[in-house]
Amino acid sequence: MQSPEIALFLWVNAGPQTPVAVLALARLASQAVPALSAVMLVAAALRGNRSLRVAALQAVLALLLAWVVAQWLRHWLQIPRPAAFGLGRQWIAHGNGAGFPSLHAAGAFAFAVALQQARIGRWGVAAAFAGALLIAWSRLCLGVHFPSDVLAGALVGSAAACSVHAAWRWVSRRFAHASAMRGTYSAEHP
């Protein structure tokens with residue numbers, strides 16, 4: 001009897017009968033959606049108002065933190081990809097190295113949760129989460145990750161974004177408090 005994870009992986013993993021359009025969508029999601037997210041971050045940083053620039057910076061910091069944590073976990077846990085077990089079919093060139101957690105899912109969810117935390121707007125957040133879910137699905141469809149890899153990546157990315165947002169708020173409050181104290185001191189001691 002198969003484990004539920006392997007059964008889910010084999011159900012989502014594309015096979016020879018999978019329509020070409022589904023495979024094209026999965027490849028596009030794995031390659032173009034992360035690139036589109038990067039373009040959006042650069043545009044927000046360069047042309048956005050202050051709140052969009054702050055959201056973009058928090059998203060970049062969340063992406064970096066998620067990448068570091070995911071790489072650290074991969075290094076220490078060394079959990080192989082499905083192909084290492086002869087499971088499913090890989091539809092993109094990919095090695096058999098550690099795949100837990102998924103870097104694509106970690107990045108996608110770090111981006112989406114960072115935008116949610118920054119409250120950039122309902123439609124932008126909805127689009128970011130739709131992209132994150134599409135990326136997560138694509139990694140299973142293309143056969144390069146198990147469901148637990150993608151779920152762990154989503155958790156790492158979400159935790160990274162929440163951590164960055166909390167740290168940002170803490171630093172902002174400390175900075176505001178220090179500025180207020182300097183202003184009070186200057187007014188009292190001309």
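**Two buried arginines in a helical chain**

Apart from neighbours within four places in sequence, R139 is in contact with S30, I92, H94, S102, H104, V144, H145 and V150. This residue belongs to helix α5, which covers residues 122-141, and the structure in which these contacts are found is a predicted model.

The setting of R139 can be described further through its polar and charged partners. The side chain of R139 makes a polar contact with the side chain of S30 at 3.1 Å, and a polar contact with the side chain of H104 is also present, at 3.5 Å. Both S30 and H104 also appear in the list of residues in contact with R139. Although R139 is buried, it has no salt bridge, and D149, the nearest side chain of opposite charge, lies 8.9 Å away. A salt bridge would require a side-chain nitrogen of Lys or Arg within 4 Å of a carboxyl oxygen of Asp or Glu.

A second arginine, R74, is placed in helix α3, which spans residues 50-77. R74 is likewise buried and without a salt bridge, and for this residue the nearest side chain of opposite charge is D149, at 7.0 Å. D149 is also the nearest side chain of opposite charge to R139. The side chain of R74 reaches a backbone atom, namely the oxygen of P101, at a distance of 3.1 Å. When neighbours within four places in sequence are left aside, the residues in contact with R74 are R81, A98, G99, F100, P101, S102, L103 and H145. Of these, S102 and H145 are listed for R74 and are listed for R139 as well.

The chain that holds these two arginines contains six helices and zero strands, and the order of its elements from the N terminus on is therefore written, with helices identified as DSSP runs, as α-α-α-α-α-α. The radius of gyration of the protein chain is 20 Å, whereas a compact globule of 190 residues would have a value near 16 Å. Along the principal axes, the C-alpha atoms fill a box of roughly 80 × 35 × 25 Å.

Of the 190 residues in the protein chain, 39% are buried, and R74 and R139 are among them. The accessible surface of the chain comes to about 11,000 Å², and 69% of this surface belongs to carbon and sulfur atoms. Among contacts between residues at least 6 apart in sequence, 78% join residues that are at least 24 apart.

Note on methods
Residues numbered from 1 in each chain as written. Predicted model: local features only at pLDDT ≥ 70, side-chain atom pairs only at ≥ 80, totals over all residues. Heavy atoms only, no water. Helix = DSSP H or I, 4+ residues; strand = E, 2+ residues; numbered from the N terminus. Rg over C-alpha atoms; globule rule 2.2 N^0.38 Å. Buried < 20%, exposed > 50% of the residue type's maximum accessible area, 1.4 Å probe, protein only. Contact = heavy atoms within 4.5 Å. Areas by Shrake-Rupley, 256 points an atom, 1.4 Å probe, with all protein chains shown as cover. Lys, Arg positive; Asp, Glu negative; His and termini not counted. Polar contact = N/O pair within 3.5 Å; in protein donor to acceptor, adjacent residues only side chain to side chain.
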